Amino acid sequence: MCPESIEPSRAEVRRAQILDAAADCFRQHGFHGASIAQISKSAGMSPGHIYHYFENKEAIISAIVASDLERFLTLTAEIRSACNVREAMLARVAEGIDQCLDHQTAGLKLEIVPEASRNPHVAEIVRSADQVCRESLMLTIRDTRHAAGHVDDDATLAAMVEVFVAMFEGLQIRTIRNPDIDRGIVIRLFQSALAALLDQTP
């Protein structure tokens, strides 16, 4: 096998290594408190290697957000391809809640949000990804409600998306404030709330 054919895989491993190290540093020290030197030490490579893959910390955040977006788009595509979109959506709620209630995941996402409120470049990264997420979720909810005989305008679907997203993002805050949340009960109640939202007649 020639070197060119294995280099992309090696690059992907290095990038993932940097992103994992950066995520840990952002959680521990905050975006401003985490330096490239700290990230390089955590990743076990020189600062020069970090800069080879990422121009700065904002580029690292962009890659973290892009990775989250890719996972979300894959999830919603899988749900829309199911025979029963509504049941598939309700069934996958548990997976989403587990992610939201994971302290490491929640801590990182809650670190990025305040930075977006101060930094216009990070704000653009976060808002662009959020728009793509909302569009994909809007299609998923539309397909679910269309199968049940509902015909909704874009404003109604957009409002449903906002409520849905707010429920998930609220869990990220709650798991920081109350790490002893009973996930089993929350999942069941969340599924009931989502079912009511999907069946709602505006």
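**Chat: an all-helix chain and its cores**

User: How are α8 and α10 angled to each other?

Analyst: Roughly perpendicular to each other (65 to 115 degrees counts as that, under 35 as roughly parallel, over 145 as roughly antiparallel and the rest as oblique). Their axes cross at roughly 70 degrees and come within 9 Å. Axes here are lines fitted to C-alpha atoms, for helices over the stretch in contact, with angles from 0 to 180 degrees between N-to-C directions.

User: And what are we looking at, source-wise?

Analyst: It's a predicted model, where local features need pLDDT of at least 70 and side-chain atom pairs pLDDT 80 or more, while totals for chains, interfaces and linings use all residues. Numbering starts from 1 along each chain as its sequence is written, and side-chain values use heavy atoms, with hydrogens and water left out.

User: Back to that crossing: which residues make the contact?

Analyst: I141, T144 and R145 on the α8 side, and L197, L198 and D199 on the α10 side. Contact means heavy atoms within 4.5 Å.

User: How many helices and strands are there in the chain?

Analyst: 10 helices and zero strands. These are DSSP runs numbered from the N terminus: H or I of at least four residues for helices, E of at least two for strands.

User: How much of the chain is buried?

Analyst: 35% of the 202 residues. Buried is under 20% relative accessible area, exposed is over 50% and partly exposed is in between, using a 1.4 Å probe and protein chains only.

User: Which residues touch the most others in the largest nonpolar core?

Analyst: I18, F26, I39, I50, I60, I61 and I64, out of 29 residues. Such a core is a set of buried Ala, Val, Leu, Ile, Met, Phe, Trp, Tyr and Cys residues joined through side-chain atoms within 4.5 Å. α1 (3-33), α2 (36-43), α4 (57-80), α7 (103-118) and α8 each give two or more residues, with α1 giving the most, eight.

User: Any other core?

Analyst: Another one of 27 residues lies apart from it, with L75, V85, V93 and I181 among them.

User: Tell me about I60. Buried or exposed?

Analyst: Buried, because its relative accessibility is 0%. I60 sits in helix α4. Beyond neighbours within four places in sequence, I60 contacts I18, L19, A22, F26, I36, I39, I50 and F54.

User: And what does I64 touch?

Analyst: With neighbours within four places in sequence set aside, I64 is in contact with L19, F26, L108 and I112.
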